[in-house]
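Biologist: Could you walk me through this model and tell me how each label is earned? I would like to see the cut-offs next to the values.

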Amino acid sequence: MKICRKKYEAFTLLEVMIASVMGAFIALVALGSLRSVTAAKELVAENSSVSDELTFAARRIHADLINLYRDGDRSSVKFIGTIENDDYGPVKNIIFRTVSMAKARPADAESDVYEVQYFLRRDDEGSVLARRYCPIVGIEEQEESLGGILTIIAEDIVAFDLRYFDGSSWLDEWLETKTELPQLVEVTMAAGTDDKEKSE
C-alpha cells in the first residue's frame with residue numbers, strides 16, 4: 001500500500017519581506033506621482049484664474065477707453081491721469097468720462113455719460129484693481145462726482161501702470177490742465193499669487 005503525501009509550497013519569510021518592501025516602494029512612487037499631478041493641476045487652475053481676471057480687467061478698461069466721451073466743449077470732457085501716494089508708495093490713477101448703456105443704478109434715471117476711475121487699492125492683505133463708475137447728470141461739483149459704484153475687477157494685482165502718448169512722447173501723467181485728450185493710453189498690469197507673477 002502506497003501512502004501519497006502532498007507537497008505544500010509556501011513563501012519563506014525572506015520572500016514575504018521582499019514583496020512587502022517592493023509593494024511599499026511602488027505605493028510611495030504612486031503616491032508621489034499623484035501628489036505631483038494634483039499640485040500641477042491646482043497650479044494650472046490658479047494661473048488660469050489669475051489670467052482670466054487680467055483678461056477681464058483689460059477688456060473692461062479697453063471698453064471704457066474706446067467709448068471715451070468727446071465733446072466740442074473741452075470743459076465737459078474729463079481725462080486725468082495722476083500718480084498719487086498711499087501707505088505703500090506711488091500708485092497710478094486714471095479718471096475719465098465714457099459713454100455707456102450699462103446703468104450704474106438701474107432704478108434711477110441716468111444719462112449715458114459716466115465718470116470712470118481705475119486705481120490700485122492696497123492694504124496689508126494684498127492689492128486689488130478697483131473701478132468706480134458714476135453717472136453724470138447735469139453739471140456736478142467735483143465733490144459730488146466722487147461717488148458712484150465701486151467694483152473690484154481683479155484681485156492680487158501687484159502692478160498697475162499707465163502711460164499717455166501726446167503725439168510726440170509718452171507721459172507718466174495726464175494733468176487736468178491739458179487742453180486735449182491723449183492719442184494713446186498704455187495700460188500694464190501684473191498679477192501675482194504667492195511668488196508667481198503674470199502680466200498683461
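**From labels to cut-offs**

Modeller: Read along the sequence, the protein chain follows the pattern α-β-β-β-β-β-β-β-β-β, which comes to one helix and nine strands. Helices (H or I, at least four residues) and strands (E, at least two) are DSSP runs numbered from the N terminus. This is a predicted model, in which local features need pLDDT of at least 70, side-chain atom pairs count only at pLDDT 80 or more, and totals for chains, interfaces and linings use all residues. Residues are numbered from 1 along each chain as its sequence is written, and side-chain values use heavy atoms, with hydrogens and water left out.

Biologist: Why is T98 called buried?

Modeller: Buried means under 20% relative accessible area, exposed means over 50%, and partly exposed is in between (1.4 Å probe, protein chains only). T98 has a relative accessible area of 0%, so T98 is buried. This residue is found in strand β2. Across the protein chain, 30% of the 200 residues count as buried.

Biologist: What makes the link between T98 and D64 a polar contact?

Modeller: A polar contact is a pair of N or O atoms within 3.5 Å; within protein, one must be able to donate a hydrogen and the other to accept it, and residues adjacent in sequence count only if both atoms are side-chain atoms. The side chain of T98 reaches the backbone oxygen of D64 at 2.8 Å, so the pair falls within the cut-off. The backbone oxygen of N67 lies 3.0 Å from a polar atom of the T98 side chain. Leaving out residues up to four places away in sequence, T98 also touches others, including Y69, D112 and Y114, where contact means heavy atoms within 4.5 Å.

Biologist: Why does K78 count as buried?

Modeller: K78 has 9% relative accessibility, so K78 counts as buried. It is found in the loop between α1 and β1 (79–86). Its side chain makes a polar contact with the side chain of E115 at 3.0 Å. E115, in β3, stands opposite R97.

Biologist: How do you know that β2 and β3 pair?

Modeller: Two strands pair if DSSP finds at least two bridges between them. Strand β2 (residues 89–99) and β3 have seven bridges in the antiparallel sense, so they pair. Ten bridges join β3 to strand β4 (residues 126–135), and these run antiparallel. β3 and β4 form a hairpin with two residues between them, and D123 stands opposite G126 in β4.

Biologist: What makes strand β3 mostly covered?

Modeller: Eight of the eleven residues of β3 (residues 113–123) are buried.

Biologist: And why is I18 called partly exposed?

Modeller: The relative accessible area of I18 is 44%, so I18 is partly exposed. This residue is found in helix α1 (residues 13–66). With L14 and M22, I18 makes a nonpolar surface patch of about 320 Å².

Biologist: Which label does D156 earn, buried or partly exposed?

Modeller: D156 has a relative accessible area of 36%, so D156 is partly exposed. It is found in the loop between β5 (149–155) and β6 (157–165). Phi of D156 is near 55°, a positive value in a residue other than glycine.

Key. Patch = residues over 30% accessible without salt bridge, like charges linked within 9 Å, V, L, I, M, F, W, Y side chains within 5 Å. Areas by Shrake-Rupley, 256 points an atom, 1.4 Å probe, with all protein chains shown as cover. Salt bridge = Lys/Arg side-chain N within 4 Å of Asp/Glu carboxyl O.
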